[in-house]
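Please walk me through this model in the viewer, one selection at a time. I want to know what to pick next and what is found there.

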Amino acid sequence: MRNYVKTNARRRLMQSAAAVLSLLCTASVLMLPASADEPYDVYNYNYLGEAVPSQAGYLAERSVSGLDLGTTAFNAPGDLFKDEKDQFYLVDSGNNRILRINSEFDEILQIYDTFTMPDGSQTKLKNPKGVFISPDTGLMYIADNENARALVCEQDGSVVMEITKPESAVYDQQLTFLPQKILCDNAGNIYIVLNNTTKGAAMFGADGSFIGYYGANAVAATATVIANHFWNAIASEEEKRYRSRSTPTAFDNFDIDTVKGFIYTSTSSGSTDTDIVKKVNPEGYNLFSYMSNYTWGDLFSTWYSGTSYKTKIVDIDIGDDGSINCLDATTGRVFQYDKEADLLFIMGTTGDQVGAFTQGNVAAVETKGAGCENIYVLDAGKGTVTVFGQTVFGSIVHDATKLYNGGYYEEALEPWLEVLKRDGNYRRAYLGISSAYYNMGRYKDSMEYAKKADASGRYNRAFERYRSQWLRQHLTQLLIGIVLIIAGIYILKFYLRRQQKKALDTAKAPEHQTEGGTAS
Amino acid sequence: MMDLTQPQWVKHVVFHPFEGFEDLRWKKGGTLKYTAVIIAALFIALIAFDRWCGFQFRPLPDAMFSVVPYIMRSVIYFLAWVLGNWAVCTLLDGEGTMKNIAIYSSYALIPYIVQMFTQVVLSHVLVRAEGVFFDTVYYIGIIWTALLLFNAIKAVHQYTFTKTVAAIVLTLCAMLIILFLAVLFLSLFQKVYVFFYSLYTEILYRVRV
């Protein structure tokens, strides 16, 4: 089945090759400042979950290495972060340093490799994995992995606070404390992803005191888990101790929507399909729990030589417009969703060209701009940052999506029509146009577009309005028609009965006449 | 008394669920031609129900259409029913011939077919919230057909009530067995075919080389 879908998609690609090719040519001529064709087939999913050719929303523009920036090559960089001032912070883990890079991503502003502790002593990082800049205070939060600590410091490199392994009863003292990723929320609470617990991120107060764990994943309700639950219910305490426990998979990366305060987590574990991406509110409740089994990334995993290549989301980034950008290490693809988790664009692949990444070794994704104009992907294997730029098509889709998600359906009509002109496969455009026409009272058109989008629920809604509109306009004709039909039936019946009677009479009459012996 | 033409027999049987089939049997009415027409109508009704409904009620996307399941659900199921019923009731002292079982059973399907077409027509003027009308039509059709089918079997074999129930249950089991065997044979023959075909290609290859 999976292979079938794959080959089917490929065949479709071939079939529409001419159309796509011409579209791509026009696209690259019209939309691109200066770039070659992307080294992969651009696709999107239709409502049946089939991969169909699509227009590119983003194109890889350039790839930036450490040497390009005038320093030594990056060594297994671990994280990339963009602060409020659109400056980038690149965690060069293998070189134990953090680079501050300007907004255009072509100049290093500062290199952090030594920090001043509060007591005046100097300290160096050891394999740092994550960095975060608070939008409120401008403080820098560093997950200093192999030093088993997290640092909070000023922009000039003076450490304000050092967070080490908490001495709390809640934190199992047998566990190590190796921070992977770090962020802080609007209240100044610090969240640290550790790689050795499934309870969620370790949460610290603004003063560095350990509060507890935050936002653990749910256990996938597999048959084993349900069976375990059943046996545990009837097992004795003694037996329970020897029974295997159901634990969730741990999420290993996160990002915060600084405007709304939601923390988005991503899970790269290949052994689960539950809670791959969560949207967690400050209380720790997952707002995406209603779609905890939503398939993020590719809908089908590929099988090749006995290995399953399944989407493995290693980083997540929330754009300034609320879009959710997920980075898949398996295929080197970035999946961009809008804030309602509807897929917008897919870009990237594995390979050597610009726009292609080392398989399984991409580290981070970042976006820049109010409409997500640029996407940055950090490839730890190559030690480069690839800059994707938005195409005209991409920006129209973003405009339309923003208006549509904001409830401005009629305003979104123009951009959606423009989207359809450029890509007739883009289903969300049909939905958007259907909604716009519905709000404008053009129910017939709304029905037409709902039908094209195969959205029978929307069609039903528009049809209901269309029907009452039609009835109101044609009520007189309808009533006259009904009366006429009923009258017609009665007249026909009456007529037929008379014919029948006449036929009977004439049938009987000759009998009498023959008996009488006279014929007329 | 009761010298009806074939179309009149259809009407009589459908509108007299309890006496109709006895009359049909007594007067030796009914014809296999009508059976063919009714099964064809069932086939069309099944497709119409999935394809021609108003879009708000269409259960399947256009891209997922295959004609095979519809042939299965009309012709094959009907043949299996007739065969199974004949096989069971021959052993249970039933008086019906295979021809009569086919005729009587097919006549009993008419309300079911009509209810499907009614739903198709209604679906173009109703919205989802008014789905209760569909349920009503559906239940009327299905109960009517069940009643007719029961009395058809009862009349064609001259059974009592309990014996008819037993015969129908056994017929359903027989249908399952027939379909199982059919699938088994199909896959077996496919394997045999593939075997001979590969033999053929192999020989052809040797001849050429």
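Begin with strands 4, 5, 6 and 7 of chain A: in this predicted model they form an open sheet in the order 4-5-6-7, with antiparallel pairing. Select residues 79-82 for strand 4 and residues 108-112 for strand 7 of chain A; these are the edge strands, and each pairs on one side only. Looking across the sheet, neighbouring strands are turned against each other by 20° on average, direction ignored.

Now move inside the sheet. Select residues 88-92 (strand 5) and residues 97-101 (strand 6) of chain A, an antiparallel pair joined over five bridges. To see one bridge pair, pick Y89(A), whose partner in strand 6 of chain A is R100(A).

Next, colour chain A by domain. The domain assignment places domain 1 at 74-215 and domain 2 at 218-247. Put a marker at the C-alpha centre of each domain of chain A, and the distance between the two markers is 37 Å.

Zoom out to the whole of chain A. Its secondary structure amounts to nine helices and 31 strands. The C-alpha trace spans about 140 × 70 × 50 Å along its principal axes. The radius of gyration of chain A is 33 Å, while a compact globule of 520 residues would have one near 24 Å. Buried residues make up 38% of the 520 in chain A.

Finish by showing chain B. Seven of its residues are in contact with nine residues of chain A. On the side of chain B that touches chain A, the residues are four nonpolar, one polar and two charged.

Key. Residues are numbered from 1 along each chain as its sequence is written. Chains are lettered from A and ligands numbered from 1 in the order in which they are written. This is a predicted model: local features need pLDDT of at least 70, side-chain atom pairs count only at pLDDT 80 or more; totals for chains, interfaces and linings use all residues. Domain bounds come from an automatic or database domain assignment. Two strands pair if DSSP finds at least two bridges between them. Helices (H or I, at least four residues) and strands (E, at least two) are DSSP runs, numbered from the N terminus. Axes are lines fitted to C-alpha atoms, for helices over the stretch in contact, and angles run from 0 to 180 degrees between N-to-C directions. Two residues are in contact if their C-beta atoms, placed from the backbone, lie within 7 Å. Ala, Val, Leu, Ile, Met, Phe, Trp, Tyr, Cys and Pro count as nonpolar, Asp, Glu, Lys and Arg as charged, and the others, Gly among them, as polar. The radius of gyration is taken over C-alpha atoms; the globule rule is 2.2 Å times the number of residues to the power 0.38. A residue is buried if 20 or more other C-beta atoms lie within 10 Å of its own, exposed if 12 or fewer, and partly exposed in between; C-beta atoms are placed from the backbone.
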